Amino acid sequence: ETYLTTLTDGKASLTMRSIAGTAGTALWITHFALGNEGTLEWGPEGTATSSKRSYVNAIVLKKTPIEEYAGVTEWKIEWQYSGAVTHTTY
């Protein structure tokens with residue numbers, strides 16, 4: 001493969017836990033459907049004014065089945081970037 005210096009490539013993944021229930025399942029089905037595209041945003045310092053913020057257009061590439069145990073659900077999602085990551089602040 002040959003890459004141009006103006007092109008970027010990347011992936012992001014997330015593993016998270018939430019309380020089990022149907023509200024989470026609805027999100028899993030609609031927002032995280034394979035192929036869905038949108039803005040993936042993260043702020044490692046929270047969303048207070050002047051905190052670091054990054055975002056990128058991304059596509060849902062992969063998701064593992066929901067795993068539930070003892071009233072807790074574990075989600076695993078992977079995104080493929082479809083643009084350059086922008087770094088800014090809130």
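**Figure 1. One helix and 6 strands make up the secondary structure of this protein.** This is a predicted model. Starting at the N terminus, the elements come in the order β-α-β-β-β-β-β. The protein has 90 residues, and 20% of them are buried. Take the contacts with a separation of 6 or more: 66% of them link residues 24 or more positions apart. As for the surface, about 6400 Å² is exposed, and 56% of that comes from carbon and sulfur atoms.

**Figure 2. Here is the largest nonpolar core, a set of 11 residues.** The aromatic members are Trp-28, Phe-32, Trp-75, Trp-79 and Tyr-81, and they sit with Ala-12, Leu-40, Val-56, Ala-58, Val-60 and Ile-77. Two elements, β3 (52–63) and β5, each give two or more residues to this core. β5 is the top contributor, with 4 residues.

**Figure 3. Now for a closer look at Val-60, one of the core residues.** Leaving out anything up to four places away in sequence, Val-60 touches a run of residues that includes His-31, Phe-32, Ala-33, Leu-34, Gly-35 and Asn-36. Val-60 also touches Ile-77, Glu-78 and Trp-79. Among these partners, Phe-32, Ile-77 and Trp-79 are listed in the core along with Val-60.

**Figure 4. This view is about Gln-80, a residue of strand β5 (residues 72–81).** Is Gln-80 buried or exposed? Its relative accessible area is 18%, so Gln-80 falls under the 20% cut-off and counts as buried. A polar atom of the Gln-80 side chain lies 3.0 Å from the backbone oxygen of Gly-10. Gly-10 has company: Gln-80 touches Asp-9 and Lys-11 as well, plus Asn-57, Ala-58, Ile-59 and Leu-61, with residues up to four places away in sequence not counted.

**Figure 5. Over in strand β2 (residues 37–42), the residue to look at is Glu-41.** Glu-41 has a relative accessibility of 39%, and because that value is between 20% and 50%, it counts as partly exposed. Which side chains make polar contacts with the side chain of Glu-41? One is Arg-53, at 3.2 Å, and another is Tyr-90, at 2.9 Å. Ser-54 and Tyr-55 also touch Glu-41, again skipping residues up to four places away in sequence. For Tyr-55, the C-alpha to C-alpha distance to Glu-41 is 4.2 Å, although the two are 14 residues apart in sequence.

Conventions. Residues are numbered from 1 along each chain as its sequence is written. This is a predicted model: local features need pLDDT of at least 70, side-chain atom pairs count only at pLDDT 80 or more; totals for chains, interfaces and linings use all residues. Side-chain values use heavy atoms; hydrogens and water are left out. Buried means under 20% relative accessible area, exposed over 50%, partly exposed in between (1.4 Å probe, protein chains only). Contact means heavy atoms within 4.5 Å. Accessible areas come from the Shrake-Rupley method with a 1.4 Å probe; for residues, only the protein chains shown count as cover. A polar contact is a pair of N or O atoms within 3.5 Å; within protein, one must be able to donate a hydrogen and the other to accept it, and residues adjacent in sequence count only if both atoms are side-chain atoms. A nonpolar core is a set of buried Ala, Val, Leu, Ile, Met, Phe, Trp, Tyr and Cys residues joined through side-chain atoms within 4.5 Å.
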